[in-house]
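Here are my notes on the ligand and its surroundings, for when you first open this one. Have the viewer ready and follow along point by point.

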Amino acid sequence: MSNPVYLAVDVPTLDGALTLADKVKTHVGGLKLGLEFFCAHGHHGVREMARTGLPIFLDLKFHDIPNTVASAMQSLHVLEPAIVTIHAAGGRAMMEEAKAAAGEHCKVVAVTVLTSLDDGDLAATGIGGTPHDQALRLAELAHAAGLDGIVCSGHEVGAIHRQWHDGFFVVPGLRPADSQVGDQKRIVTPRRARDDGASVLVIGRPISRADDPVAAARAIEATL
Ligand code: C5P
């Protein structure tokens, strides 16, 4: 089984990102690069990170009209990303066109409801119901649009996996059992998320901010 852990490279400089990735590359399965990284370092930065030999997950969360998203997706072909994110709220046609425009080996996964939004935030945008209900509705839409999967929390992945057996599920917000809880209220461990059906485990600070990132990555790997 390949390592499902994708390291979230939320590091301010390209040098820092490369140093971290080089250190832990034999203990993670891939690298997740977000909007912050892409806006700062662009294609060049992605190519540099790809020199580690690890698959690249571009967490760019596209949300625009179908034609624009499809064109943006085509512009990523040269980087050969393993995974790219889009917003399910962009609608079915946008998701279909994004998938059709993606590279042959690229998984396209949809963000449902951002975890930073609560009931009140959703209501203010005109959406009734809870974020959980909305996430399940958008997961169904993403499935119907032919996407590979969705991004969801460790609390939802079990329920969504039961409805979408062959879906590809990306789960962030994980903490190893022995790590600092910080401001997190409900913790899901990488192992628990994996057992519940997660395909990719996105882990950032528990590795990147550890005193010894290699030991932290190895310890997580050993629990899986
Ligand atoms: O908390 P941690 O540093 O492990 O976060 C890893 C990555 O997952 C970050 O890039 C963060 O933006 C993302 N994340 C997310 N949704 C959450 C929690 C974290 O997309 N609910």
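1. Start with the character of the shell around the ligand: its residues split into 5 nonpolar, 3 polar and 4 charged. Keep in mind that this is a predicted model.

2. Who is in that shell? Going along the chain, you meet Ala8, Asp10, Lys32 and Thr115, then Pro172, Gly173 and Arg175, and finally the run Val202, Ile203, Gly204, Arg205 and Pro206. As for elements, β8 (200–203) and α9 (205–208) are the ones that give two or more residues to this shell.

3. Now look at the polar contacts. The side chain of Thr115 has an N or O atom 2.8 Å from a nitrogen of the ligand. The side chain of Arg175 places an N or O atom 2.8 Å from a ligand oxygen. With Gly204 it's the backbone instead: one of its N or O atoms is 2.8 Å from an oxygen of the ligand. On its own the ligand has 460 Å² of accessible area, and the protein covers 73% of that.

4. Zoom out a bit and you'll see that the ligand sits in the largest pocket. This pocket has a volume of about 1400 Å³. Its lining counts 49 residues, and those nearest the centre are Thr115, Ser116, Val151, Pro172 and Gly173.

5. Which element gives the most to the lining of the largest pocket? That's α2, with 5 residues. Others supplying at least two include β2 (30–34), β3 (56–62) and α6 (131–144). By type, the lining comes to 24 nonpolar, 14 polar and 11 charged residues.

Note on methods:
Residues are numbered from 1 along each chain as its sequence is written. This is a predicted model: local features need pLDDT of at least 70, side-chain atom pairs count only at pLDDT 80 or more; totals for chains, interfaces and linings use all residues. Side-chain values use heavy atoms; hydrogens and water are left out. A residue is near a molecule or strand if one of its heavy atoms lies within 4 Å of it. A polar contact is a pair of N or O atoms within 3.5 Å; within protein, one must be able to donate a hydrogen and the other to accept it, and residues adjacent in sequence count only if both atoms are side-chain atoms. Accessible areas come from the Shrake-Rupley method with a 1.4 Å probe; for residues, only the protein chains shown count as cover. On a 1 Å grid over the protein atoms alone, a cavity is a set of points where a 1.4 Å probe fits but cannot get out, and a pocket is an open set with protein on both sides within 12 Å along at least five of seven lines; lining residues have an atom within 4 Å of a point. A molecule sits in a cavity or pocket if more than half of its atoms lie within 2 Å of its grid points. Helices (H or I, at least four residues) and strands (E, at least two) are DSSP runs, numbered from the N terminus. Ala, Val, Leu, Ile, Met, Phe, Trp, Tyr, Cys and Pro count as nonpolar, Asp, Glu, Lys and Arg as charged, and the others, Gly among them, as polar. Grid points are joined across faces, edges and corners, and a volume is the space filled by probe spheres set on the points.
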